[in-house]
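Visitor: I am new to this structure and would like to learn how to read it, one feature after another. Could we begin with how strands are put together?

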Amino acid sequence: MHALRSLALAALAVLAVACSPAKKAETAPAAGQPTVIRFATDWRAQAEHGGFYQALATGEYAKRGLDVQIVQGGPGVNVPQLLASGAVQAGMGSNSFIALNMAQEGVPVRAVAAMMQKDPQVLIAHPDQGIESISDLKGHPILLSDASVTAFWVWLKSKYGFSDDQIRKYTFNSAPFLADKRVAQQGYVTSEPYTLEKEAKLKAKVFLLADDGYPSYATMILVPQSLIDQNPAAVKAFVEASAKGWNDYLNGDAAPADALIRNDNPEMAQDVLDQARAKMKSYGIVDGGDAKTAGIGTMSDARWAEFFRMATEQGVYPKTLDYKKAYTLQFVAPAAK
């Protein structure tokens, strides 16, 4: 189900969406009053949002003068639209395409931090088909959502020479995958592999795209340029509190965040939260890569340039696009180039 969060990707993002004037909540509050930040997530509450819920539950936002309200996502929620219209003051960007899409459409919203250094996207294959690497999936049918075809599939074609005739429609139901051993499917390392093992007793082959070089960031904090201009201190506070929340969620007592998550999303089971948190730790999703030295949330010009080069080579964006309008390193310790 987590792959649905990508519904706000390239094909849907911000066509014909105009920016409205900044909301009053974006301006500096009266003396002594906290700054309100409504933060829209990309899907229903889950462990993959745990750091934000932890920062809220433990008061990290409040102690920095913020009144943060988490706006839970879902199938009908389009985070880029909410940001572009001024309905929220911050939003979650599932991957780097989203920030670049907004830059391409001239929407003044920037990624200010990346809470996940690795995109959790995986390809999942049956264990007895001789598939030992992503490259072995060339020629195999792969179940993909429409949004994924305009996102990480672009990279798979670029790196491995996959072709569009491999695509099969993914409806977020694993039955077609289970019925045909030649078929692979998309998923999140923190979700579908566990569900398949728990419900279908299948220990599948799992390939994390990021570990094969997929350069997208994930779980980025996106904010309008208007908020950056009017209240940079609030943006900095939100980024710092969120990074602290993520560190505490992964390495401390996760119970405060889990309680809020399950309150927002009663369908979320504790065992699912526990295993997702363990996977994020073991794969270094949040604190691996550049975050090891530069801290949680870090980004770099070099990584954005690499992503943009890959996307332009596949014709996603014109080479003339000023991709640096998609992000700013103002609020994070930049990773080494």
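Guide: Let us start with one pair of strands, keeping in mind that this is a predicted model. Strands of a sheet pair through backbone hydrogen bonds, either parallel or antiparallel. Here strand E6 (residues 142-144) and strand E8 (residues 184-188) pair in the parallel sense, over two bridges. Within that pairing, Ile-142 stands opposite Ala-184 in E8.

Visitor: Which helix packs on the sheet, and which strands does that helix touch?

Guide: Helix H7 (residues 192-200) packs on the sheet and touches strand E5 (121-125), E8 and E9, while its direction makes about 115° with that of E8.

Visitor: What is the order of the strands in the open sheet?

Guide: The open sheet has five strands in the order E7-E6-E8-E5-E9, and their pairing is mixed. At its edges are strand E7 (167-169) and strand E9 (205-208), each of which pairs on one side only. From one strand to the next, the twist averages 40°.

Visitor: If I follow a single residue of strand E8, such as Gln-185, is the residue buried or exposed?

Guide: Gln-185 is buried, because its relative accessible area is 0%, and the cut-off for calling a residue buried is under 20%. The side chain of Gln-185 has polar partners, making a polar contact with the side chain of Tyr-170 at 3.3 Å and another with the side chain of Ser-174 at 3.0 Å. Not counting residues up to four places away in sequence, Gln-185 touches several others, among them Val-122, Leu-123, Ile-124, Leu-143 and Phe-177.

Visitor: Where is Thr-298 found, and what does its side chain reach?

Guide: Thr-298 is found in the loop between helix H12 (291-294) and helix H13 (301-313). Thr-298 counts as buried because its relative accessible area is 1%, and its side chain reaches the backbone oxygen of Ala-333 at 2.5 Å. Leaving aside neighbours within four places in sequence, the contacts of Thr-298 include Ala-114, Gln-117, Tyr-217, Asp-290, Val-332 and Pro-334.

Visitor: How many residues does the largest nonpolar core have, and which of them have the most contacts inside it?

Guide: The largest nonpolar core has 106 residues, and those with the most contacts inside it are Leu-156, Trp-246, Tyr-249 and Trp-304. Helix H9 (residues 232-251) gives the most to this core, with ten residues. To see the surroundings of one core residue, take Trp-304, which, leaving aside neighbours within four places in sequence, is in contact with residues including Ser-96, Leu-100, Tyr-217, Met-220, Met-299 and Tyr-323.

Visitor: How should I read charged pairs along a helix, and how many salt bridges does a search of the whole structure find?

Guide: The general idea concerns spacing: an α-helix has 3.6 residues a turn, so residues three or four places apart point the same way. A search of the whole structure finds 13 salt bridges. In one of them, Asp-248 is joined to Lys-244, with the closest N and O atoms 2.7 Å apart; both residues lie in helix H9, four residues apart, about one turn of the helix. Asp-248 counts as buried at 18% relative accessibility, whereas Lys-244 is partly exposed at 33%.

In helix H13, the side chains of Arg-309 and Glu-313 meet in a salt bridge (3.1 Å, N to O), and these two residues are again four residues apart, about one turn of the helix. Arg-309 is partly exposed, with a relative accessible area of 42%, and Glu-313 is partly exposed as well, at 47%. Elsewhere, salt bridges that share partners join Glu-60, Lys-63, Arg-64, Lys-244 and Asp-248 into one network.

Visitor: What separates Lys-203 and Glu-197 in terms of distance, and is Lys-203 buried or exposed?

Guide: The side chains of Lys-203 and Glu-197 meet in a salt bridge at 3.9 Å, N to O. Lys-203 counts as exposed at 62% relative accessibility, while Glu-197 is partly exposed, with a relative accessible area of 39%.

Visitor: Why can helix H1 be called largely enclosed by the rest of the structure?

Guide: Helix H1 (residues 50-57) is described that way because six of its eight residues are buried. Those buried residues are Gly-50, Gly-51, Phe-52, Tyr-53, Gln-54 and Ala-55. Just after H1, Gly-59 takes a positive phi of about 85°.

Key. Residues numbered from 1 in each chain as written. Predicted model: local features only at pLDDT ≥ 70, side-chain atom pairs only at ≥ 80, totals over all residues. Heavy atoms only, no water. Buried < 20%, exposed > 50% of the residue type's maximum accessible area, 1.4 Å probe, protein only. Polar contact = N/O pair within 3.5 Å; in protein donor to acceptor, adjacent residues only side chain to side chain. Contact = heavy atoms within 4.5 Å. Core = buried A, V, L, I, M, F, W, Y, C linked by side-chain atoms within 4.5 Å. Salt bridge = Lys/Arg side-chain N within 4 Å of Asp/Glu carboxyl O. Pairing = 2+ DSSP bridges. Axes fitted to C-alpha atoms, helices over the stretch in contact; angles between N-to-C directions.
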